[in-house]
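User: I'd like to go through this structure and ask why things get the labels they do. Can you walk me through it?

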Amino acid sequence: MALPNYTETRYRIWHYFYIAICTFVFIFLIAPLFVIFPLSFNAEEFLVFSEGMKNLDPDAFSLRWYKDMVYGTKNPWGLAAKNSFIIAIFATLGSVILGTVAALGLSSRHMPFKGIIMATLISPMIVPLIISGVAIFFFMAKAGLAATHTGIVLAHIILGTPFVVITVTATLSGFDHSVTRAAASLGSNPVNTFMKVTLPLILPGVISGGLFAFVTSFDEVVVVLFLAGLENTTIPIQMWTGLREQLSPTILAVATCLIVLSTLILISAELLRRRSERLRGINR
Amino acid sequence: MSSETKQILTTDGIPLEISLKKAERKNKIKAFLLVAPLLLFLIITYIFPIGEMFTRSIDDKMITNMLPKTFKSMETWDGKELPSEEVFASFLSDFKILVEKKEHGKLAQRLNKEKNGFNTITKKLFRQVKRNKIDETQSIKEQIMKVHKRWRNVEYWQAIKRTAPPYTSAKYLKAMDMYLNEDNKITQVSEDRRIHRILWLRTVEVAFFVTVFCFLMGYPIAHLLATLPMKYSNLLMICVLLPFWTSLLVRTASWMILLQQQGVVNDFFVLIGLVSDDNRPEMMYNKVGTYVAMTQILLPFMVLPLYSVMKTISPSLMRAGKSLGGTPFVAFWKVYFPLTIPGIGAGCLLVFILAIGYYITPALVGGASGTLISNQIAYHMKTTLDWSFASAMGLMLLGGVLVIYWLYNKLVGVDNIKLG
């Protein structure tokens, strides 16, 4: 962003002002995530930087809260993590299967009522979560699925499918349909064509939609708060109760683990996006 | 025109037009069948329950079923003077059935909501019925009127008549701090009890300002990301995407730590001398906390659509504007800015829609003055268990969101939403 030599002073000032604003915004976006790291290694019980930490005294740091997270007797994090992963994995599978199949239909040019159907399929993403929570709770209570894993998985499938539908239709929009016709002309049946030709090409889109669905389920708290019983507690529920009641540093240890997890997901999503663009021949 | 002679036939002798239509229909059905499983699933588990919220919010059938004979005989009553002997008699017979089923308490509760004072007089009537004090061979009207003086008051009978319809708009009026008074007129509740209107206004206010803040902060960095060379912008993009992928609760937790009185932000203010150490401002459990945390959490939803629009604007357009004599400001304002309007629309609507239904962050950092309408819905769902009231408020919120969603669809198109 070097300025040309002839730039007038006032534009120079404006330019540096602009850079300063951008720097501030980037710090604003990313800094909150980094506060958690050092504090989770705090040796004391308070959620502030102690004098020892400011002086980088090694005694002020400890793994105490990580030990508490794993071995703590009263801590429900183990059960919560198990539940969260089970629910998220099944919800992702369901969302990916239903969403991908629907996206295939939606991107066909023969699809009738495309607009309204698309709007319906996307609606769980747009409708405020609190309303989705109330509606889904009414259904699950009637179906006898409240406070069961099945109920929560179904609820997360509802919330996760829009992301899969969006990413897969986007991938299919650049899809060359002559390859499927070529496969058909060579005698392949539609299922075989899908598995051998279409799916490998749209796989990056499917997986990145799946990642969205996974994160949605793994991070979802509003609907789960309505549905979950004591047995179905998840990481977000535990964090929610923790943040409301006793803000203990153990939560920060959990939060650090979650940030590491989201970094991993971000990296895989980014790699998939690039691969998808390469496969579809988009060069930027 | 003789269409039959010019008709083109396929090899098996069927007219091409029909054959084509058949193939098209087959394709349509095929496409629809692919969408059907998800559509059906959503309709059953999601769209219908939202409809059920509506019936629940206006439902008032309970009392209609409790007093069937009374309401039947009240049909001919003009509602000006005390009703006839017939109405009293059918009320008593309905009431006796309720006493047998032990449901008279529910009736008293419901009627008391309509008009204060029903609790006492229903209890009195119950005692009389229980002791078989009411002689059905004599005038029932006279005997009921003797039970309590309020049974002689026509206003109480008018209140009963008002509960006759199986549907009610009371919950919606309550959400607007209004109610139907004795003359069936919409009235406002007394000033000190108007809590919901404040919450609605605050919800819209918070959503609006969060959108404005997101726009003011998101526009410059989206521009920077779109104009920087790839290798730098990819690195900076992580700053936008990492928060986007990080758990909402983690981000809220970090703001709680940053904004607390002994927190990093206050430490920094003290360090640069903005505030004194013993006079640290309260930044959490009020609107400031809600604004700051929500802006940071929703900012990526503003930056991503803006970025994807700005990326398509060729830099040569700005150069052309400048070469034609525009100063950089003019070139920006007249050339660049108008081209980014679709991105601005998409980002602002997305952020506004998400902000208006926010629940978790305001509940944690908002405190009492930061709670929004979603918190109120959750409160009635979980604490007071007034599900019909929660449904009514939810649907009012949904109505607002759907209008915005429709606008969004018109301006941007839902299939143009870009993620990451």
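Analyst: Sure, let's start with a term. A crossing of two helices is called left-handed if the near helix is turned anticlockwise from the far one by less than a right angle, and right-handed if clockwise. By that rule, α12(B) and α15(B) cross in a left-handed way. Keep in mind that this is a predicted model.

User: What makes α12(B) oblique to α15(B)?

Analyst: Look at the angle. Helix α12 (residues 230-245) and helix α15 (residues 287-310), both of chain B, cross at roughly 120 degrees, and their axes come within 9 Å. Roughly perpendicular covers 65 to 115 degrees, and roughly antiparallel needs over 145. The angle fits neither label, so α12(B) is oblique to α15(B).

User: Which residues meet where α12(B) and α15(B) touch?

Analyst: On the α12(B) side you'll find V240(B), P243(B) and F244(B), and they meet Q296(B), P300(B) and V303(B) of α15(B). Sorted by class, that contact has five nonpolar residues, one polar and no charged.

User: Why is α5(B) called roughly perpendicular to α8(B)?

Analyst: Again, check the angle. Helix α5 (residues 85-100) and helix α8 (residues 140-147) of chain B cross at roughly 70 degrees, with axes that come within 8 Å. The roughly perpendicular range is 65 to 115 degrees, so the label applies to α5(B) and α8(B). This crossing is left-handed.

User: Which residues of α5(B) and α8(B) meet, and how do they divide by class?

Analyst: E85(B), F88(B), A89(B) and L92(B) come from α5(B), while I140(B), K141(B) and I144(B) come from α8(B). The split is five nonpolar, no polar and two charged. Glu and Lys count as charged, and here those are E85(B) and K141(B).

User: How do you know that α5(B) and α7(B) are roughly perpendicular to each other?

Analyst: The angle between α5(B) and helix α7 (residues 118-130) of chain B is about 80 degrees, and the axes are 11 Å apart. That falls in the 65 to 115 range, so they are roughly perpendicular. F95(B), K96(B) and V99(B) of α5(B) make this contact with L125(B), F126(B), V129(B) and K130(B) of α7(B). Its classes come out as five nonpolar, no polar and two charged.

User: Why is K102(B) called exposed?

Analyst: Count its neighbours. K102(B) has 8 other C-beta atoms within 10 Å, and exposed means 12 or fewer, so K102(B) gets that label. K102(B) sits in the loop between α5 and α6 (104-114) of chain B.

User: What is notable about the phi of K102(B)?

Analyst: Its phi is near 60 degrees, a positive value in a residue other than glycine. Most residues other than glycine have a negative phi.

User: And F113(A), buried or exposed?

Analyst: F113(A) has 11 other C-beta atoms within 10 Å. The cut-off is 12 or fewer, so F113(A) is exposed. Its phi is also positive, about 50 degrees, although it is not a glycine. You'll find F113(A) in the loop between α4 (77-106) and α5 (114-126) of chain A.

User: How many residues of chain B are in contact with chain A?

Analyst: 72 residues of chain B are in contact with 75 residues of chain A. Helix α2 (residues 16-58) of chain B gives the most to chain B's side, with 18 residues. That side has 52 nonpolar, 15 polar and five charged residues.

How values were computed: Residues are numbered from 1 along each chain as its sequence is written. Chains are lettered from A and ligands numbered from 1 in the order in which they are written. This is a predicted model: local features need pLDDT of at least 70, side-chain atom pairs count only at pLDDT 80 or more; totals for chains, interfaces and linings use all residues. Axes are lines fitted to C-alpha atoms, for helices over the stretch in contact, and angles run from 0 to 180 degrees between N-to-C directions. Helices (H or I, at least four residues) and strands (E, at least two) are DSSP runs, numbered from the N terminus. Angles under 35 degrees count as roughly parallel, over 145 as roughly antiparallel, 65 to 115 as roughly perpendicular and the rest as oblique. Two residues are in contact if their C-beta atoms, placed from the backbone, lie within 7 Å. A residue is buried if 20 or more other C-beta atoms lie within 10 Å of its own, exposed if 12 or fewer, and partly exposed in between; C-beta atoms are placed from the backbone.
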